Amino acid sequence: PAILFKDTYNQFYWHGVAIPAQWIMEPEKITKETIYAEKNAEKRRCLMEILGESHYAELLDLVTVETDQYNGQEVLLLKTAKKDELANDYIYFIKVICNSTQRNYYLCIPENAFSLGAIGALAWTFGLEKQDYQCLIET
């Protein structure tokens with residue numbers, strides 16, 4: 001716990017956000033229902049960090065809508081299988097794999113970026129239009 005008093009009262013935090021103790025003490029018990037039941041978007045971000053992006057994505061049952069390639073890198077456009085009550089819409093992601101570390105990243109994107117397709121959404125993450133995104137080297 002971040003705070004622990006003599007009377008055993010305690011409080012857990014994840015990078016400054018108060019969260020339930022179970023998320024830290026028993027992360028293996030976090031389920032899809034835990035994620036969808038959480039109505040605070042900042043706490044959901046904490047859940048994603050605690051679980052790791054790949055496991056978080058597995059729990060959300062993400063559906064691949066489009067797969068593309070850019071510079072030998074697979075780029076996937078995904079969305080949740082069902083509408084999210086907090087967002088009142090699907091939650092959209094683009095999955096990229098870092099060429100140097102092979103680490104997976106699930107970047108949350110808005111619906112307007114999702115509608116641009118996989119490479120368009122990737123360009124959006126850099127603040128660019130699809131036709132202007134011309135990454136030659138990644139490090």
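Here is a quick tour of the nonpolar cores, a surface patch and the aromatic pairs.

This is a predicted model, where local features need pLDDT of at least 70, side-chain atom pairs count only at pLDDT 80 or more, and totals for chains, interfaces and linings use all residues. Residues are numbered from 1 along each chain as its sequence is written, and side-chain values use heavy atoms, with hydrogens and water left out.

**Cores**
- The largest nonpolar core (buried Ala, Val, Leu, Ile, Met, Phe, Trp, Tyr and Cys residues joined through side-chain atoms within 4.5 Å) has 22 residues, and Ile 19, Ile 35, Tyr 56, Leu 60, Leu 62 and Phe 93 touch the most other members.
- Helix 3 (41-51) is among the elements giving this core at least two residues each, and its share, five residues, is the largest.
- Apart from that core sits another one of 16 residues, including Val 96 and Phe 114.

**Phe 5 and Tyr 9**
- You'll find Phe 5 in the loop between strand 1 (3-4) and strand 2 (10-14); helices (H or I, at least four residues) and strands (E, at least two) are DSSP runs, numbered from the N terminus.
- Phe 5 is partly exposed at 47% relative accessible area, and Tyr 9 is partly exposed too, at 45% (buried is under 20%, exposed over 50%, partly exposed in between, with a 1.4 Å probe and protein chains only).

**Aromatic pairs**
- The whole structure has four aromatic pairs (ring centres within 6.5 Å; planes under 30 degrees apart are stacked, over 60 edge-to-face, the rest tilted).
- Phe 5 and Tyr 9 are tilted, with centres 5.8 Å apart and planes at 40 degrees.
- Phe 126 and Tyr 133 are stacked, at 5.4 Å and 25 degrees.

Definitions and conventions:
Phe/Tyr/Trp six-rings, centres within 6.5 Å; stacked < 30°, edge-to-face > 60°.
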